[in-house]
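Here are my notes on the model, set out as numbered points for you to read beside the coordinates.

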Amino acid sequence: MNKKSERLRILLKCSIFAAITAILAQIEIPLPLIPISGQTLAVGIAATILGSRHGALAMVCYAAIGAVGLPVFAGFSGGPQVLVGPSGGYIFGFIAAAYVTGLILEKTKFTIRMAFLANIVGMIVTLLFGTVQLKLVLDLGWNAAIVAGVYPFIVVGLIKAYLASWIGITVRQRLIQAKLITGPKTKEEVA
C-alpha cells in the first residue's frame with residue numbers, strides 16, 4: 001500500500017471515530033455544571049481499537065470539528081466558546097486520555113483486563129484536565145472543582161471504562177481478523 005492510501009485509511013478511521021464520539025456525545029444526563037455524556041465511552045473505544053496515535057488523532061479531529069462550530073459536543077453544542085468554557089478541559093482531556101489509554105495497551109496487551117485498567121487511567125486523565133479548567137474558568141476552589149468535576153463521574157466512568165474495554169477489544173479483534181486494521185498480534189487477538 002502506498003503512502004497516500006495509508007494516510008487516507010488513517011484519516012478515514014479517525015473520522016469515523018470522531019463521528020462516533022459526536023453521536024455518543026448526544027447521549028447525556030444533565031448535571032448542574034457538566035453533563036454526563038457518552039463522549040468518554042467513545043474516547044475509550046477509539047483508543048482501545050486504534051491505539052495511542054490514531055486514537056488521539058481521532059479526538060483531535062473531534063475537537064477541531066466542534067471548534068469550528070459544528071454541533072458535535074454534548075447537547076448539540078459547538079464553537080470555540082465550548083472549548084474555553086467550563087467543559088472544555090474535558091474535551092482537551094479526551095485527546096490526552098486517548099493517547100495514554102492506547103499507549104498503555106500498546107506497551108502491555110490488548111486484553112479486556114488491560115483495556116479496563118488503561119481506560120480507568122484515561123478516565124483519570126480526562127477528569128484531571130476537566131477539573132483544572134472547571135476550576136480556572138469558574139474561579140472555584142479545588143474542593144468545589146473536585147466535587148463538581150470528579151465525584152459525579154466516578155461510578156459512571158468505571159462502567160464506561162469497562163464497556164469501552166469490552167466493546168473495544170471485541171471490535172478490535174474482529175477488525176484485525178477482517179484485515180481492516182493492523183496491530184500487534186497477541187495470543188488473545190489470534191485466538
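1. I would begin just after helix 8, where Lys 179 takes a positive phi of about 60 degrees; please bear in mind throughout that this is a predicted model.

2. Helix 8 itself has 24 residues, which at 1.5 Å a residue should span 34 Å, and because its end C-alpha atoms are 34 Å apart, the expected and modelled values agree. Its buried residues are Gly 157, Lys 160, Ala 161, Ala 164, Ser 165, Gly 168, Ile 169, Arg 172, Gln 173 and Ile 176. As background to that spacing, an α-helix has 3.6 residues a turn, so residues three or four places apart point the same way.

3. The largest pocket has a volume of about 430 Å³, and among its 32 lining residues Thr 40, Tyr 90, Phe 94, Thr 126 and Lys 160 lie nearest its centre. By class the lining comprises 20 nonpolar, 11 polar and 1 charged residues, while strand 2, helix 2, helix 5, helix 6 and helix 8 each supply at least two residues of it.

4. The largest nonpolar core has 41 residues, and those with the most contacts inside it are Phe 17, Met 59, Tyr 62, Phe 73, Tyr 90, Ile 91 and Phe 94. Two or more residues come from each of helix 1, helix 2, helix 3, helix 4, helix 5, helix 6 and helix 8, with helix 2 giving the largest share, 8 residues.

5. Leaving aside neighbours within four places in sequence, the contacts of Phe 73 include Ala 25, Gln 39, Tyr 62, Val 82, Leu 83 and Ile 91. A second, separate core of 5 residues includes Leu 105, Phe 110, Ala 115 and Ile 169.

Note on methods. Residues are numbered from 1 along each chain as its sequence is written. This is a predicted model: local features need pLDDT of at least 70, side-chain atom pairs count only at pLDDT 80 or more; totals for chains, interfaces and linings use all residues. Side-chain values use heavy atoms; hydrogens and water are left out. On a 1 Å grid over the protein atoms alone, a cavity is a set of points where a 1.4 Å probe fits but cannot get out, and a pocket is an open set with protein on both sides within 12 Å along at least five of seven lines; lining residues have an atom within 4 Å of a point. Grid points are joined across faces, edges and corners, and a volume is the space filled by probe spheres set on the points. Helices (H or I, at least four residues) and strands (E, at least two) are DSSP runs, numbered from the N terminus. Ala, Val, Leu, Ile, Met, Phe, Trp, Tyr, Cys and Pro count as nonpolar, Asp, Glu, Lys and Arg as charged, and the others, Gly among them, as polar. The expected span of a helix is 1.5 Å times one less than its number of residues. Buried means under 20% relative accessible area, exposed over 50%, partly exposed in between (1.4 Å probe, protein chains only). A nonpolar core is a set of buried Ala, Val, Leu, Ile, Met, Phe, Trp, Tyr and Cys residues joined through side-chain atoms within 4.5 Å. Contact means heavy atoms within 4.5 Å.
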